[in-house]
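Please examine the sequence and the structure shown below. The questions that follow lead from single residues to the arrangement of the whole chain.

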Amino acid sequence: MFISKFSLLAAHAIKDLVKAPSSTWRTSYVPVIQNSYAQALRQKSFCTTAKKVSEEGSEEKQKVSVTFVDKDGEEIHVKVPFGMSMLEAAHENDVELEGACEGSLACSTCHVIVMDVDYYNKLEDPADEENDMLDLAFGLTDTSRLGCQIIAKPEIDGIRLALPVATRNFAVDGYKPKPH
């Protein structure tokens, strides 16, 4: 839209320039172009700062509290934006949750245990693919889920997730890939 307005303005300027004497261009036509250009810009707001400020203010409201409990019992409290998986949240906050397949439901290395049955019941039922991968998880419990399939939403604010004491890692030597 900006380009088309600018092109239209330039076309009018060229047309008027051909009609005007050469001395008129420098003295009287430049301010006309500048004023027309400025009016065209004033009609459309290009500023995104106001939107970003309002988004930042509401961003804190758009997060849930999650507590990861590692195998040693240490609690790690994090704020997770709505729509983010617990696997992504763990990686962003240096929680040791592997996720070797990076959330593509091809492994069980992001296995977590929901510590409260009420929160477990608030989650969507696991898909068949998730259940298949959970069958391969080490230390499976009744409230086990894959971290890549638990998505932050208001209903799970305050959820506590325990990390199992071990995983069935693909690497024989215990290598843990770093998230991208």
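**Questions on a predicted model**

Q: In which helix is Glu129 found?
A: The model is a predicted one. In this model, Glu129 is found in helix α6.

Q: Is Glu129 buried, partly exposed or exposed?
A: Residues count as buried under 20% relative accessible area and as exposed over 50%. Glu129 has a relative accessible area of 48%. This value falls in between, so Glu129 is partly exposed.

Q: What distance separates the C-alpha atoms of Glu129 and Leu105?
A: Along the chain, Glu129 and Leu105 are 24 residues apart. In space, their C-alpha atoms are separated by 6.8 Å.

Q: Which pattern does the protein chain follow when read along the sequence?
A: The protein chain has 6 helices and 5 strands. Read along the sequence, these elements follow the pattern α-α-α-β-β-α-β-α-α-β-β.

Q: In what order do the 5 strands stand in the sheet?
A: Strands of a sheet pair through backbone hydrogen bonds, either parallel or antiparallel. Here the sheet is open and its pairing is mixed. The order of the strands is β2-β1-β5-β3-β4.

Q: Which strands stand at the edges of the sheet?
A: An edge strand of this sheet has a single partner strand, so one of its sides is left without a neighbour in the sheet. This holds for the strand of residues 75–81 and for the strand of residues 144–146. The two strands are β2 and β4.

Q: Which residue in the turn of the hairpin of β1 and β2 has a positive phi?
A: Strand β1, residues 63–69, pairs with β2 in the antiparallel sense over 7 bridges. Among the facing residues, Val66 stands opposite Val78, and Val69 has Glu75 as its bridge partner in β2. The two strands form a hairpin with 5 residues between them. In the turn, the residue with a positive phi, about 90°, is Gly73.

Q: Which residue in β5 does Val69 stand opposite?
A: Strands β1 and β5 run parallel and are joined by 4 bridges. Opposite Val69, in β5, stands Ala162.

Q: What is the bridge partner of Val114 in β5?
A: Strands β3 and β5 pair in the antiparallel sense, over 2 bridges. Within β5, the bridge partner of Val114 is Leu161.

Q: Which backbone nitrogens does the side chain of Asp70 reach?
A: Asp70 is found in the loop between β1 and β2. Asp70 is buried yet has no salt bridge, and the nearest side chain of opposite charge, Lys71, is 8.1 Å away. A salt bridge requires the nitrogen and the oxygen to lie within 4 Å. The side chain of Asp70 instead reaches two backbone nitrogens, at 3.0 Å that of Asp72 and at 2.8 Å that of Glu74.

Q: Which residue forms a salt bridge with Glu75?
A: Side chains of opposite charge can pair when their charged atoms come close. In the salt bridge of Glu75, the closest N and O atoms are 3.0 Å apart. The pair links strand β2 with strand β5, across 85 residues of the chain. The partner of Glu75 is Arg160.

Q: Are Glu75 and Arg160 buried, partly exposed or exposed?
A: The relative accessibility of Glu75 is 37%, and that of Arg160 is 30%. Buried would require a value under 20%, and exposed a value over 50%. Each of these residues therefore counts as partly exposed.

Q: Are Arg145 and Glu130 buried or exposed?
A: The side chains of Arg145 and Glu130 meet in a salt bridge at 2.8 Å, N to O. Arg145 lies in strand β4 and Glu130 in helix α6, so the pair ties together parts that are 15 residues apart in sequence. Both residues are buried.

Q: Which element supplies the largest share of the largest nonpolar core?
A: The largest nonpolar core has 28 residues, and Val66, Phe68 and Met86 are among those with the most contacts inside it. Elements that each supply at least two residues include β1, β2, β3 and α5. The largest share, 4 residues, comes from α4.

Definitions and conventions:
Residues numbered from 1 in each chain as written. Predicted model: local features only at pLDDT ≥ 70, side-chain atom pairs only at ≥ 80, totals over all residues. Heavy atoms only, no water. Pairing = 2+ DSSP bridges. Buried < 20%, exposed > 50% of the residue type's maximum accessible area, 1.4 Å probe, protein only. Lys, Arg positive; Asp, Glu negative; His and termini not counted. Polar contact = N/O pair within 3.5 Å; in protein donor to acceptor, adjacent residues only side chain to side chain. Core = buried A, V, L, I, M, F, W, Y, C linked by side-chain atoms within 4.5 Å.
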